[in-house]
Amino acid sequence: MDKFDVLIIGSGPGGYVAAIRAGQLGLKTAIVEKDKELGGTCLNVGCIPSKALLTSTDHFMFAKKEAEKHGIVIENAHVDLNKMQQRKDKVVKTMNSGVRSLMKTNKVTTFEGLGTITAPGKVSVKLADGKTQEIETKNIIIATGSAAVELPFAKFDGKTIVSSTEALTFTEPPKKFLVIGAGAVGLELGSVWNRLGSEVTILEFLPRIAIGFDLELSNLLQRSLTAQGITFHLETKVGAVKIDNGRATATATKGNEELKFEADKVLVSVGRKPFSEGLGAEKAGVEFDETKRIKVDEHFKTNIDGIYAIGDVIAGPMLAHKASEEGIACVERIAGKDGHINYDAIAGIIYTNPELAGVGLTEDQAKEKKIDYHVGRFPFRASGRAVANDDLEGIVKFIADAKTDRILGAHILQHAASELIAEAVSVIEFGGSSEDLARTCHSHPTLSEAVKEAAMNVEKRALHIINR
Amino acid sequence: MSVEVKIPAVGESITSGIVSVWHKKSGDFVNAGDALFTLETDKVSTEIAAETSGVLDAIVPEGQEVKIGEVVATIDDSKKPIETAPEKTSVGDAVSVSGKPTASPTKEKPADAKTLSPAVRRIVDEEHLQPEKISGTGKSGRLTKADALAAAQNRGAAEEKVEPPSRGYGGPSIAEDRSAEGGNRRGEQSADGRFVRKKMSPLRRKIAAQLVMAQHTAAILTTFNECDMSAVQELRTKSQDAFTKKNGVKLGFMSFFIKASVEALRAVPVVNGRIEDEDFIQNNFYDIGVAVGTERGLVVPIVRDADKKSFADLERDIADYATKAREGKLKIEDLTGGTFTISNGGVYGSLLSTPILNPPQSGILGMHKIMPRPVAVDGKVEARPMMYLALSYDHRAIDGREAVTFLIKVKECIEDPKKLPLDF
């Protein structure tokens, strides 16, 4: 077999996107995937299937609680969970075959099996039939992603104590569902099963939910989710989880208080760790940091020539879109082009209802950095479209430099926040100011007008609210 | 071989000008006939074209005063136009095993005024900035609001460095005044938006210097009179249709005043002369300047041999000049060599004013707004369309009696146009 220009280990949103770009640039490209299907965690057991369930259950909530207000009468709205799960599986299958055909059209050779680096420029793949195949390549990109972090006192058993992977596949809603960790995964899956009838309790070690997002909006989200029926225990440290007869009992401390939680299922969603071991990277001499992430320079090159790493396996937020951008930039560098990433313009999103989206600095971060800043806010209840949609919850909030007016951060809480945040990301990417956004004509009536109004409120000239 | 680009002689009495804008940059390939730069003189601004094709090397910076005949650039005609190499991406070759990027960072592009962000557009507009001269810190070298704000703030200081204000006519200069206030000029520039400082155009600066020079050289005095416009108005109304049909141009007031001035100049020739050092020069021709206001300032194109021209010719000349002035197409020769000037402040509504001489001329007639006013006619009060007339003159050459006589002659010709050689 001919030598490849680039071989990518891992076919998640980092790896497969890097492969497409490499194919586009005319590089002879290969991709190695240990699982049966391409697409990685995101496509198979992460972003995509969770969004399928979140959307389905959101529709259910509409049918059950909102439809009547619109004059739509749905008698006895109920869920066929089996069918809901089948639809989710179909969504994943559609995406799987999409990625597979993209590999073909971009002339990317796919190897199914566990890839191991045996030396710089050499990768051996253990194929499904037990044979191994040795592949030579000029460049290797490690894009192996991450795995859910396990708690030592609450090891995953796949049945009662589960990770997000299993929590997406329950065949019936657990009567009592305990979630450890109030980050994106815990809040999203907590929402799914809460909507489907589970009694959901979320425990969080920190005094707040949704760490990394603006505190003001996180608090608003917590209030909203509480109203939807989810119970939160903050500043609560879980000490042990015991399994007895398929049921779990978790003990935790909250201040001086001892708390006990019984549950049919326990989701541990306390973060993810880089999937960096067992790849032969250590043997090849690749350096790691203290949290087992692979060390790379600004062009994603490891300390070993010809070996690169991107995505969750290196430093930075563990986000699919961050991995994709890195994959593109990395391949473009290999091809002698000039790939860049602006880490200040990568948004994070939690797909609850309302959705929480944020990019750039939070207000607390601006304070910490001692930046002189202005805040602009606009509530959706003052937006005509939000009123027509009956989606009044949430606000848009901008953090802008007091002197230059440059947008430093944008935060949105709204049913459609994940889509609305993109505009702010674009403006930030171009180093834009709140005035730039405020002077851009927005169509009426749209939710995006609220984004413009919040930008106008930075200089206290929003139109549909009293500017404070 | 290098060919020198010299400042051409653009007209009599013009010895210097200012290279206001380079239309080509050093290193540019220019074709013969391409406009190289704009030369501004106190009379007019002209584009100077390349006489040869080749690569330009500009020697003189924008804003510098240059003398006629001075070399401001060279053109190397041995060089061919530089081909811009098309961007090539040969992927196979570009793959570097070591992974070192072979491409250099994206070159900064000059900011295009059309693609400025909304906030930058506003600041550039309000602060009169030149976006192509601001360096951008945004994506691919784009200008951010911060860049524009910084440029607006720094401009004051930068300009001060470029051109220290020259000392005027005694007294402390403006710059000294300001530094005495504590040197916070920068903050004064635009921080609160209460005033905006901007550089005067070279043409404006020249006009200013010329006016002050006139005030300081001649002994300017103004005499006034008034004239009843009834007769001229009546004549115009009666003849307008036939005149327009015949000549393709309207019969205005100006031709009457030009003709009246010629008659008055014939009667009082000293007004049609000028002082040069210790001599007085008497002109025996009648080239009358007609002041025209334009966006860039006042210009005074000259109607040649006004004594020999018909009313129709005069009106046509004036109309042509007005069009040229609006379009900025007046040539140096259109503006030089007048013997007397007429200025009509009436078009802006002025009732009375003292015109200032157009050196080295000795007289200037000021026309004003026609207003119906009560006047005594045959012992009765009547409303008549009246115009005040003003003649400013150089008292060094012209006596008061001569000046008053001149103005009365003009008045008489206007009040009784039959005294003029009416040829329509």
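How are α8(B) and α11(B) oriented to each other? Keep that question in mind; the notes below reach it after a look at the two chains. One thing to know early on is that this is a predicted model.

1. **The two chains.** Let's start with an overview. Chain A contains 13 helices and 21 strands, and chain B has eleven helices and 19 strands. In chain A, 50% of the 468 residues count as buried. For chain B, the figure is 30% of 424 residues.

2. **Contacts across the sequence.** Next, consider contacts between residues 6 or more positions apart. In chain A, 64% of these contacts involve residues separated by 24 or more positions. In chain B, 63% of such contacts link residues at least 24 apart.

3. **Back to the opening question.** Helix α8 (residues 254–267) and helix α11 (residues 400–415), both of chain B, have axes that come within 8 Å and cross at roughly 135°. Angles over 145 degrees would count as roughly antiparallel, and 65 to 115 as roughly perpendicular. The two helices α8(B) and α11(B) are therefore oblique to each other. Their crossing is right-handed. From α8(B), the contact is made by Phe256(B), Ala260(B), Ser261(B), Glu263(B), Ala264(B) and Ala267(B). From α11(B), Phe406(B), Lys409(B), Val410(B), Cys413(B) and Ile414(B) take part.

4. **Helix α4 of chain A.** This helix covers residues 81–105, which makes 25 residues. From first C-alpha to last, α4(A) reaches 36 Å, close to the 36 Å expected at 1.5 Å a residue. Its buried residues are Lys88(A), Met95(A), Val99(A) and Met103(A). An α-helix has 3.6 residues a turn, so residues three or four places apart point the same way. Try finding Met95(A), Val99(A) and Met103(A) in the structure with that in mind. The buried residues of α4(A) pack against several elements of chain A: α1 (15–24), β2 (29–33), α2 (40–45), α3 (47–66) and β3 (108–119). After the helix comes Lys107(A), with a positive phi near 55°.

5. **Helix α6 of chain A.** How many of the twelve residues of α6(A) are buried? Twelve of the twelve are, so α6(A) is largely enclosed by the rest of the structure. They run from Ala184(A) to Arg195(A), and include Leu187(A), Glu188(A) and Trp193(A). The end C-alpha atoms of this helix are 16 Å apart, which agrees with the 16 Å that its residues should span at 1.5 Å a residue. Gly197(A) follows α6(A) and has a positive phi, near 110°.

6. **A three-stranded sheet in chain A.** Here the strands have the order β11-β12-β13, in an open sheet with antiparallel pairing. Its edge strands are β11 (236–244) and β13 (257–263), each pairing on one side only. Neighbouring strands are turned by 20° against each other on average, direction ignored. Eight bridges connect β11(A) with β12 (residues 247–254) of chain A in the antiparallel sense. As an example to look for, Val238(A) has Ala252(A) in β12(A) as its bridge partner.

7. **A four-stranded sheet in chain B.** This open sheet is also antiparallel in its pairing, with the order β1-β8-β6-β3. At its edges are β1 (2–6) and β3 (29–30) of chain B, and each pairs on one side only. Two bridges link β3(B) to β6 (residues 54–58) of chain B, running antiparallel. Within this pair, Phe29(B) stands opposite Val55(B).

8. **A hairpin in chain B.** Strands β10 (residues 273–276) and β11 (residues 279–282) of chain B run antiparallel and are joined by four bridges. Ile275(B) has Phe280(B) as its bridge partner in β11(B). The hairpin has two residues between the strands, and Asp277(B) takes a positive phi near 50° there.

9. **Gly273(B), up close.** Is Gly273(B), a residue of strand β10 of chain B, buried or exposed? It has 22 C-beta neighbours inside 10 Å, and the cut-off is 20 or more, so Gly273(B) counts as buried. Leaving aside neighbours within four places in sequence, its contacts are Phe280(B), Ile281(B), Gln282(B), Asn283(B), Ser362(B) and Ala397(B). Gly273(B) and Phe340(B) are 67 residues apart in sequence, with their C-alpha atoms 8.2 Å apart in space.

Definitions and conventions. Residues numbered from 1 in each chain as written. Chains lettered and ligands numbered in written order. Predicted model: local features only at pLDDT ≥ 70, side-chain atom pairs only at ≥ 80, totals over all residues. Expected span 1.5 Å × (residues − 1). Contact = placed C-beta atoms within 7 Å. Pairing = 2+ DSSP bridges. Axes fitted to C-alpha atoms, helices over the stretch in contact; angles between N-to-C directions. Parallel < 35°, antiparallel > 145°, perpendicular 65-115°, else oblique. Left-handed = near helix turned anticlockwise from the far one by under 90°.
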